[in-house]
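User: I am new to this structure. Please walk me through it.

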Amino acid sequence: MKLSKLYSNSDLFKDVTFKLNGLNVIYADVVTDIADKKNSHNLGKSKLAELIDYLLIKKLDKKSFLAKTTDANNELAFGKHIFYLEILLNSGQYLTIRRDLQEASKTSFSLNAQSTHAYTPPLNWEHENLGVAVAKEKLAEYLNFDFFKNKPYDYRKAINYCIRMQPDYDDVYRLSKFKGGKDIDWKPFMFDLLGFDGEVLRQKYENDKLQEKIEDDIATLRRDFSVDDTNRDEIVAQINLQESKTQNAEAKIDQLNFFEQDKELIEKGMDKIENSISDLNTLSYNLNFDIEKLRGSIKNNFAFDINKVEKVFEEFKLYFPENLKKEYSDLIRFNEELTKERNKLLTSTLAKKKKELQEVNSKLEKLNKEKENLLSFLQDTDTFRRLKQYQKELAKLASELIQLKERLRVIDLIIQKNREKDLLKKEIETTIDTIKDISHHTERNEKYELIRKLFSEYFHHIMDEDAYISWTVNSNNNVDFNPPVIKTKDSLSKDTAKDEGRTYRKILCVAFDLAILVAYNRESYFRFVYHDDVLSQQDNGIKNRLLELVHSITSKYDIQYILSAIKSDLPTDEDDNFIYFSPEDIVLELNDRDASGTLFGFEF
């Protein structure tokens, strides 16, 4: 896979057509005094690498320049931009990738037999507006790289060994995107890339992680439940004793079952007493009512005044005969005799009612006493108190038994996890033996031997010094990729990561990336590499030898090499003409004369 074209819907953007073979030079001509212009180097040569990375389906990072907003209205600076990247697949077909910054997570693909005309986007798109995850899968299908088949990762894992930006020169093996992450994120991949079995190393990391989790789980269980799995038999003994105590408590309660029967009988007697009390209360009410009526009747004696009647006759000047007066007097005497007899009868009835009421009240008093005694038996008998005591004891024993059984369950869980840990330990030991066996016979790995040979050869050609790469098994039985060692002419080895600084590390990265591309040249893999600003701070001899090596490798292995640099860093002859590359090799020129000289044609 190689880069073919990069263009945009913006007229300001500097479209690029890459040479499919050999050297591609991108340079920025800085003519302004750095002191006068703060961003004189920010012309886009490094941003171009970031843009290509994004177009190869990198998820847009909030820190990316493409996500930058304008100060004026807080809109995306590239919100209206649509970018197109045309790549040449190893199949010989051309694939155009479209990404619209308005929908930064969406990607479209167009596959064509030939390169598109000029910078005109394709008319037909096989897949449009795919999400990032689906788009990566689809691009992986188009690329069809042999190396990534049956691997737990895709082409994105290796992309920055082909687009090496400034932060990626700090370490030959560990790219900037892997910094701050875990070793499992990149070491198994690097093991694979060097021709070894990365799955063995990945499984070792996974098992280490699983083992650590099991150990954490065991420690948590021991801490939270205050258990010691070595005391399992002691807990079993306590459970047996507790179960025996529980059974005894249950037996004691069973012996008091008669109380329940007595209680039932008593409750039935209570119902009978309460019914009788209710009937007597009704009778008492009726007797009291009758007594009050009788008392009222006795008070109402017969009252008739003959003199008042005679006076009424006189007032109306009526004659009141003597015989009529006599008849009234006889009637009054009769009624008085009748009332007297009636009052005797009422008094006798009243006396009987009072006696009957007294008897009823006496019965009520007796029944209420019986009721009170029954309630006392139900609520305050010794049997009841004993029953409550046994029930409390049983509840306590049951609770303690549940706790003991829970502790036993936790101990068994710990024992089970220890078994898992032991089995995992055996698996880890087998994996360690495999890793150590690999480390003891690295010469059997032809791919690794080729990469190491090419790396040493390329570094020596550029730097005129010997260097080699190697790896070791560390104290945790995992793989460490040692910093490349350089042997100076006085035969003293030195760790370049510490002694020689960034200048040496850049060349080490260049040699490594080229070695990988050449080693995988016979299979479907990347066919290009982009090295950003690799010539900076290098002396002319190193620059010349590097470009000489690039010409040799690209022509021999059909590899595309893209180089970005400041113009002043490019090697020139005495007449200030570029050497080791021709004007046809220059695919993009930038300058800082004004905004139009930048990659995007405007400042942001």
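The turns below cover the fold, the core and the pockets.

Analyst: Note that this is a predicted model. Ask away.

User: How many helices and strands are in the chain?

Analyst: The chain has 604 residues, and 42% of them are buried. Among contacts between residues at least 6 apart in sequence, 69% join residues at least 24 apart. The count for the chain is 13 helices and 16 strands.

User: Which helix gives the most to the largest nonpolar core?

Analyst: The largest nonpolar core has 122 residues. Within this core, L139 and F526 touch the most other members. The helix that gives the most has 13 residues in the core, and spans residues 501–519: helix α12.

User: Which residues is F526 in contact with, leaving aside its neighbours within four places in sequence?

Analyst: Contact here means heavy atoms within 4.5 Å. By that cut-off, F526 is in contact with M1, F145, F148, Y155, A158, I159, C162 and L517.

User: Which class is the most common in the lining of the largest pocket?

Analyst: The largest pocket has a volume of about 480 Å³. Of its 20 lining residues, E50, D53, K58, D61 and M165 are the closest to its centre. Helix α1 gives the most to this lining, with four residues. The lining has five nonpolar and five polar residues, against ten that are charged.

User: What is the volume of the second largest pocket?

Analyst: This pocket is lined by 16 residues, and those closest to its centre are T70, L76, A77, G79 and F602. By class, the lining has four nonpolar, seven polar and five charged residues. The volume of the second largest pocket is about 330 Å³.

Definitions and conventions:
Residues numbered from 1 in each chain as written. Predicted model: local features only at pLDDT ≥ 70, side-chain atom pairs only at ≥ 80, totals over all residues. Heavy atoms only, no water. Helix = DSSP H or I, 4+ residues; strand = E, 2+ residues; numbered from the N terminus. Buried < 20%, exposed > 50% of the residue type's maximum accessible area, 1.4 Å probe, protein only. Core = buried A, V, L, I, M, F, W, Y, C linked by side-chain atoms within 4.5 Å. 1 Å grid on protein atoms, 1.4 Å probe; cavity = no way out; pocket = protein on both sides within 12 Å on 5 of 7 lines; lining within 4 Å. Points joined across faces, edges and corners; volume = space filled by probe spheres on them. Nonpolar A, V, L, I, M, F, W, Y, C, P; charged D, E, K, R; others polar.
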